[in-house]
Amino acid sequence: MKHRTVAACTAAVLSAAALTGCGSSQDSGGSGPVELTYWAWAPGMAEVVALWNEENPDVRVTVKKQASGDDLVTKTVTAAKAGKAPDLVQAEYQALPTLVSNDVLADISGDVGDAEKEFAPGLWQQVTLGTDAVYALPQDSGPMMLFYRQDLFEEYGLSVPATWEEFAETARALKKKAPDKDLTTFSSNDAGLFAGLAQQAGARWWTTEGQTWKVAVDDAATRRVAEFWGGLVEEGAIDNQPMYTPAWNKALNDGEQIAWVSAVWAPGTLTTAAPDTKGAWAMAPLPQWEEGANATGSWGGSTTAVTNDSAHKEAAARFATWLNTDPAALDALVRESGIYPAAQAAQTGGALEEAPEFMPNQPDFYARAAKIAEGTAPAAWGPNVNVAYSAFKDAFGKAAKERSGFGAALRTVHEATVTDLEKQGFEVSE
């Protein structure tokens with residue numbers, strides 16, 4: 001497709017009428033069982049799909065294991081250009097605009113019934129891109145929250161911060177009591193964390209106006225977040241080292257860092273990063289910008305989408321709906337794939353009835369997580385998230401290392417995002 005047409009179909013992200021030319025949800029005819037191919041990376045997906053195949057002999061789904069992230073997006077777009085995309089694909093939320101702008105995904109709004117009611121509004125908005133179309137079903141989510149060393153908070157007389165102002169004061173108080181320790185670190189090697197924090201503050205990095213993309217990576221909400229974290233780094237109140245390194249693991253395991261702003265999946269990471277601290281961590285809601293609010297961002301999560309190349313869109317949409325709303329399917333996804341389901345009814349009880357093994361001291365973990373997830377803020381993704389994330393890693397990595405220049409780093413990310421969209425042929429405004 002020409003980029004002008006792409007912009008009309010994505011930016012559009014406009015209206016259902018404008019999108020009818022970007023794919024139909026009509027199923028094609030034919031005799032015999034329907035055969036569907038599903039590209040996915042989540043572990044144990046074949047075992048989950050086996051439940052469907054057993055109960056639905058007329059529609060057989062075959063899972064083809066794939067790499068995750070940008071690799072799968074690139075592979076799917078390439079396959080679609082050749083008319084050979086799979087029937088279904090597991091896609092991260094931030095990848096949906098890229099796939100839609102390349103005319104890969106079908107609008108399945110007519111085939112998913114009232115599935116919308118199963119999900120938090122902030123998640124549903126991400127699969128509709130703010131339109132009447134539905135490009136995927138939410139599968140799992142990553143509501144953000146605060147993890148902290150309960151034992152060390154008690155030792156140093158610290159209270160769990162309810163606001164970001166209290167978070168900053170907690171970081172400073174710890175430094176005074178234990179100069180060799182840090183409340184946490186600012187990391188630039190995973191832009192998803194920063195993006196989630198910006199969402200919580202109200203940021204909307206990509207939106208559309210007619211056929212034009214509006215980019216606001218450096219909007220007031222994001223500047224607030226950048227200035228907050230940059231200020232803590234510059235004054236030395238928190239560390240400036242990246243996550244997921246041996247040094248970071250050691251800091252968590254030894255109690256040199258006593259908190260981590262993360263997401264619902266954090267216990268799994270801590271199991272490997274800080275094995276000696278099992279039972280010492282607790283979870284609380286993300287600190288709020290406004291006292292008493294219940295807002296959080298998303299860090300991670302994926303969807304199940306149907307492609308325009310599928311000859312059986314209606315059957316594919318029926319499977320996608322089952323996979324992400326049926327109680328038996330959701331229970332299997334939790335047990336076999338280890339996900340935190342996007343469907344609100346599945347976020348407590350069943351396979352999530354017990355606390356994560358790493359945190360036996362917090363038996364209400366998933367009940368609290370479900371409450372936090374209700375406040376998931378909507379995200380606004382665009383067709384070049386990968387470019388923005390790469391620019392973030394470089395610019396904020398330099399700022400963190402030098403402990404200065406966070407505002408300039410944010411502007412760099414914004415400009416890189418705009419320049420890339422223009423290079424691709426999109427109409428862009430700021």
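**A small sheet, a helix pair and a cavity**

Mentor: Three bridges link strand 6 (residues 212-215) with strand 10, and the two run parallel. Keep in mind that this is a predicted model.

Trainee: Okay, which residues face each other across strand 6 and strand 10 there?

Mentor: W213 stands opposite V428 in strand 10, and T212 is opposite E427 in that strand.

Trainee: And how many strands form the sheet, and in what order?

Mentor: Three strands make an open sheet, ordered 5-6-10, with mixed pairing. At the edges are strand 5 (206-209) and strand 10 (427-429), each of which pairs on one side only.

Trainee: Do tell me about the other pairing: how many bridges join strand 5 to strand 6, and do they run parallel or antiparallel?

Mentor: Four bridges join strand 5 to strand 6, and these strands run antiparallel. T208 is the residue opposite W213 in strand 6. So much for the pairing; the connection is worth a look too.

Trainee: What do strand 5 and strand 6 form, then?

Mentor: They form a hairpin with two residues between the strands. In the turn, G210 has a positive phi of about 65 degrees.

Trainee: Nice. By how many degrees are neighbouring strands turned against each other?

Mentor: On average it is 35 degrees for neighbouring strands of this sheet, ignoring direction.

Trainee: Which helix lies across the sheet strands?

Mentor: Helix 17 (residues 406-424) lies across strand 5, strand 6 and strand 10. Relative to strand 6, helix 17 runs at about 170 degrees.

Trainee: Back to V428 for a second. What is V428 in contact with?

Mentor: Setting aside neighbours within four places in sequence, V428 contacts T212, W213, V215, V418, L421 and E422. V428 itself sits in strand 10.

Trainee: How far apart are V428 and T304?

Mentor: They are 124 residues apart in sequence, and their C-alpha atoms are 29 Å apart in space.

Trainee: Changing topic: at what angle do helix 13 and helix 14 pack?

Mentor: Helix 13 (residues 313-325) and helix 14 (residues 327-337) pack at an angle of about 65 degrees, and their axes are 5 Å apart. That makes helix 13 roughly perpendicular to helix 14.

Trainee: Which residues make that contact?

Mentor: Helix 13 brings W322, L323, N324 and T325, while helix 14 brings P327, A329, L330 and L333. By class, the residues of this contact are six nonpolar, two polar and no charged.

Trainee: Last thing, cavities. How many turn up?

Mentor: Searching the whole structure gives four cavities of 30 Å³ or more. The largest cavity has a volume of about 90 Å³.

Trainee: What lines the largest cavity?

Mentor: The lining is T184, T185, F186, S187, L193, F194, L197, W229, M243, W260 and V261. Sorted by class, that gives eight nonpolar, three polar and no charged residues.

Trainee: Which element gives the most to the lining?

Mentor: Helix 9 does, with three residues. Helix 9 (191-201) and strand 7 (259-263) each supply at least two residues of that lining.

Technical notes. Residues numbered from 1 in each chain as written. Predicted model: local features only at pLDDT ≥ 70, side-chain atom pairs only at ≥ 80, totals over all residues. Heavy atoms only, no water. Axes fitted to C-alpha atoms, helices over the stretch in contact; angles between N-to-C directions. Parallel < 35°, antiparallel > 145°, perpendicular 65-115°, else oblique. Contact = heavy atoms within 4.5 Å. Nonpolar A, V, L, I, M, F, W, Y, C, P; charged D, E, K, R; others polar. Pairing = 2+ DSSP bridges. 1 Å grid on protein atoms, 1.4 Å probe; cavity = no way out; pocket = protein on both sides within 12 Å on 5 of 7 lines; lining within 4 Å. Points joined across faces, edges and corners; volume = space filled by probe spheres on them.
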